[in-house]
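The exercises below are to be worked with the sequence and the coordinates at hand. Each task is followed by a solution in steps.

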Amino acid sequence: MASILELKSRIDMEELAENRLGLKRGKGAKGNWYSPSHDDKNPSLSIFCKSGEWGFKDWSNEGAPHAKGSIIDLVIYCGKAHDPSDATKLLHEWYSIPFDKPDAPAAPVEKSLAEHIADKCLIDTSPAVEYLRSRKIGDAAIEAALRNRAIGFNDWTSTKSKAGEHGHGGPAAAFIVRTLNPGRVVAVDLRYINPELNGGSKTQCQGEKLGFGWTSDIKRLHAARTVYIVESPINALSIETAFPNEKHIAAYAIRGTGNIGTIDWTFLRGKQVRICLDHADKVHEKTGYRPGLKAAWDLHEKLTQMDIPALLIDQDLWDEGIDTNDVLQEHGPFKTAQYLKKIETWLIPGMAGKNERDGRHRIFLPSHDFHAYWKFRVKDDHTQYVKKSAPAEEGEDPDAIPRLEFDDLCGFRVNALSRVTIQSATATMTGDPDSQPKVQFAVSVQVPRHGVKLVRKVFDDEDLHNVTKWEKFGPIYSPANFKRMINILERTAEIGARRAVNFVGLAWSEGQMVVNEGPDTYFTEPDKQCPYYNLTFPSGTQADARAVIELFGATMKQNAASMLLAWSLGGHLKSLLGFWPHLQMQANKSAGKSTLIKKLERAIAFTMFSGQSLQTEFRLLTSVSHTSHPVGWEELSARKQDVIDKAVGLLQETYQYTVTRRGSDMTEYLLSAPVLLAGEDVPIRSLIGKIVRVELTGKKGTPIPDNSPRFPVKQWLRFLASLDRGRVQEKFNKAKSYCLDASSAARDDDGAMRMVNNYAALLCGWDLLTEFAGLPSSWNRLPQDLIAEMNSHTRETGADRQPWVWITEIALSEIAAGEFRHPYKWCTEIDPTTGKTEDVLCIRPAHIMDHISNKPALRDKWNGLPVKSDRVYKKQLDGGGVILKDPVERTINHKRVGNMVALSLSRMEQYALYATPLNGAPDSP
């Protein structure tokens, strides 16, 4: 289980109080909260954050147990838990933090070189403190870094290199780099106090350079609402010196501009980012760029793709070549804080609206655009334009900055406009070269109602200047000027241009397997095109996977729940196998179906659609589009026959994948999701060859606890993405051979062979799942139970797999009811193979088809039939071996009727078709 310290560092106590514990806040953004223990006339419970650590105190109930303390105490004080253990478990569940319980005590891990160096650097830190004070770093920032073991001192010198040579070393301030979770030392950065002793080199890194940044306080970083991104630890400490009492502000050093593309920036989600790299540095002679400024552009572009809002600090007033610490040394903390609060207001981040800045610009703007560009100014979530520029009046300095009069343009900020090339559905599902890509435009916008998160929408080419589309973000006060702004932003389409895959799950991207989540997609109408457009897959460890498999294995006998889990997770193999069966899960009342589905929903972030939400064809279509993550349809049998027929047709198409387009704008839908069909009676007779089955009745086992871990779907998909397609196909072929050898069906039964394929795919998925979880493939004897289910399924559906059986069943029912008006005759015929006399039904197949197609009461059944031709129907009758004689001619009602067939009643009984002659009469009425 995650430690209490980890929970404290990851959970915001104010968010916990408001959204989880239901506490109400008094007036004001920083007001106290009303006590949960009694009726408060005035809010008396305060929540605070000191040194990056959250705490609370109920001043109206001092002395009461748990009336002050940490998040654990607050949960207990609000009556949500009885003791710290319960509170800890509850917080794990609320925030989806994995329960990391090792199977056995971990063996001691030998320390790395970086960890040994860090230990030595922490022995005596006083010289480093003196050095940092000489750089005007405040005592509060130094003490916080010391408390968190983030700084130290190193005086190592080389015996091979003399003083003044590169690599000699010498006294150096040490900055200890740790992972953000759980805080393991990965590197030590040295900043030499006297660089001349080290051959002029100012810095050196021991350990990992790429992929990790430095912060003085990991807990403060996680709790911060605003994060400044700087290049070096000295600059990060300078930020904290400038804001000594503002604990909601933190700094993060990237340790070099080359680290931008290697750091995992997801920890910045939900935070306001200020980029303060050294973009006042000198222009590079060869490239013509300012290295720090170009790095700021790259970082802004990367954060935009992750929907993290970021703005650059305005450094126009900074002297050439200085950084944040230089500003601190020259101007002091108060003035530095003022500089750091001044954001760059240009429309395109990092693109000044004047030609005073040296170096290459971010993009080229033609003169007619550049002359209009300077008028547009932005704030975090608002945009203005210069309405009027007043020149200097008489007597004023003619070189003074002209007075600008601003007016509101729109109630949001356009963070980026980028061109996105959407891969075609065929390339997504097969990995073939893309011959039909589609170009659209992704717009990232920051709006007040969504706080510190970018809202992203995708525009078609012709909609880019449609103001009505833009007004969905927020108000536009000056449409004409807004259109001019968008016209300028079109020039930035190349910035952040990317290729995307509109698919959630395991997909092909440019010939490589990738794991695509909801935020990685670019749908024009996401809520209509994909049920998982905003899904982020659950994450965890191999131990979590093993625990979930064991819990599902115990909750239902004969591995019924395990097969459900294997089917759900194996659905992502569709892009490797080319198909995946649907799952029919039937159970009587109180058999545990609903409970099991709820556990599956939580375990793998699975969605079960109620029957009420599947009333139209469009709703059915949108529930299975653009994903390989399974969905569920509840009680399909309770829907109208028209809906059932459309649903079955859709399931036929999603067995593999199908592309369809709907609406006047021809919006594309990739029908691909595997579907769980749950109910007491699933009406999918025509779909038997494309499903596998799980029966739950009478198989209840041990209930799955509510606090069980979630399955690490993200790691599972990454495991599948690492597999070679040939290896997966080989596993499938092996599973198919195993199922064929154990199958009780005849090899010439094509319908049964397709069912064997479906169960082989399920077994293949199980083999890979056990490999991922570190279990043997024979675990809990699942392969044997799967074979038993397969053989039972093929035996019970032998007749249902034949469309002629359904048609003949309807005809016999109509005859029994006296509704069949065409000629027919009950009589006997001699079986030519045995010479015995058998009872037969003489009837014309064309009359049967004609009757079903023309009777209004049978219209829904007719629409659902896969066979509608009497020629094909007769051929299937012959293939089923029920025709005793063809053709037959008989006198019926004093008329001679020919071209009939004699259907053997005894042979039809083998297919559960039972004839009922009317009152024993041999002729039709």
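**Exercise 1. Helix 26**

Which residues of helix 26 are buried? Then compare the span of the helix with the expected one, and list its packing partners.

Solution.
- Step 1. The model is a predicted one. The buried residues of helix 26 are Leu782, Pro783, Leu786, Ile787, Glu789, Met790, Asn791, Ser792, His793 and Thr794.
- Step 2. Helix 26 covers residues 782-796, that is 15 residues, and at 1.5 Å a residue it should span 21 Å. The expected span is 1.5 Å times one less than the number of residues. The end C-alpha atoms of helix 26 are 21 Å apart, so the two values agree.
- Step 3. The buried residues pack against three helices and two strands: helix 18 (560-570), helix 24 (725-742) and helix 25 (750-773), with strand 21 (582-586) and strand 27 (691-695).

**Exercise 2. Helices 22 and 6**

For helix 22 and helix 6, find the buried residues and decide how they are arranged about the axis.

Solution.
- Step 1. Helix 22 (residues 641-654) has 14 residues; from first to last C-alpha it reaches 20 Å, close to the 20 Å expected at 1.5 Å a residue.
- Step 2. Val643, Ile644, Ala647, Val648, Leu650, Leu651 and Thr654 are buried in helix 22. Viewed down the axis of helix 22, these residues fall within an arc of 160°, so they line one face.
- Step 3. An α-helix has 3.6 residues a turn, so residues three or four places apart point the same way.
- Step 4. The buried residues of helix 22 pack against helix 19 (574-577), helix 21 (617-622) and strand 21, as well as strand 23 (631-634), strand 25 (667-671) and strand 26 (675-679).
- Step 5. In helix 6 (residues 126-134) the buried residues include Ala128, Val129, Tyr131 and Leu132. Their arc, seen down the axis of helix 6, is within 160°, so they too line one face of the helix.
- Step 6. Packing partners of the buried residues of helix 6 are helix 7 (139-147), helix 9 (233-242), strand 4 (151-154), strand 5 (172-178) and strand 6 (185-192). Lysine 136, which follows helix 6, has a positive phi, near 70°.

**Exercise 3. Strand 15**

Establish the pairing partners of strand 15 and the sense of each pairing.

Solution.
- Step 1. Strand 15 takes in residues 413-422, and 9 of its 10 residues are buried.
- Step 2. With strand 16 (residues 438-446), strand 15 runs antiparallel and shares 9 bridges. Within this pairing, leucine 417 has valine 443 as its bridge partner.
- Step 3. With strand 18 (residues 498-500) the sense is parallel, over 3 bridges. Here isoleucine 422 stands opposite alanine 500.

**Exercise 4. Aromatic rings**

How many aromatic pairs does the whole structure hold? Classify two of them, then look for charges over rings.

Solution.
- Step 1. The search finds 27 aromatic pairs.
- Step 2. Tyrosine 289 and tryptophan 297 are edge-to-face, at 5.9 Å centre to centre with 85° between the planes. Both of these residues are buried.
- Step 3. Tryptophan 804 and tyrosine 911 are also edge-to-face, at 4.8 Å and 70°. Tryptophan 804 belongs to helix 27 (residues 803-816) and tyrosine 911 to the segment after helix 31 (905-909), so this pair ties together parts 107 residues apart in sequence.
- Step 4. Tryptophan 804 is buried, because its relative accessible area is 1% and the cut-off is under 20%. Tyrosine 911, at 22%, is therefore partly exposed.
- Step 5. One aromatic cluster is formed by Phe412, Phe459, Trp470, Phe473 and Phe482.
- Step 6. The charged end of lysine 335 sits over the ring of tyrosine 339, 5.8 Å from its centre. Arginine 456 lies over the face of tyrosine 522, 4.2 Å from the ring centre.

**Exercise 5. Aspartate 155**

Is aspartate 155 buried or exposed? Describe its surroundings.

Solution.
- Step 1. Aspartate 155 is in the loop between strand 4 and strand 5.
- Step 2. Its relative accessibility is 54%, so aspartate 155 counts as exposed.
- Step 3. Leaving aside residues up to four places away in sequence, aspartate 155 touches Gly170 and Pro171. Its C-alpha is 8.5 Å from that of cysteine 121, 34 residues away along the chain.

Methods
Residues numbered from 1 in each chain as written. Predicted model: local features only at pLDDT ≥ 70, side-chain atom pairs only at ≥ 80, totals over all residues. Heavy atoms only, no water. Buried < 20%, exposed > 50% of the residue type's maximum accessible area, 1.4 Å probe, protein only. Helix = DSSP H or I, 4+ residues; strand = E, 2+ residues; numbered from the N terminus. Pairing = 2+ DSSP bridges. Phe/Tyr/Trp six-rings, centres within 6.5 Å; stacked < 30°, edge-to-face > 60°. Lys NZ or Arg CZ within 6 Å of the ring centre and 35° of its normal. Contact = heavy atoms within 4.5 Å. Arc of directions from axis to C-beta.
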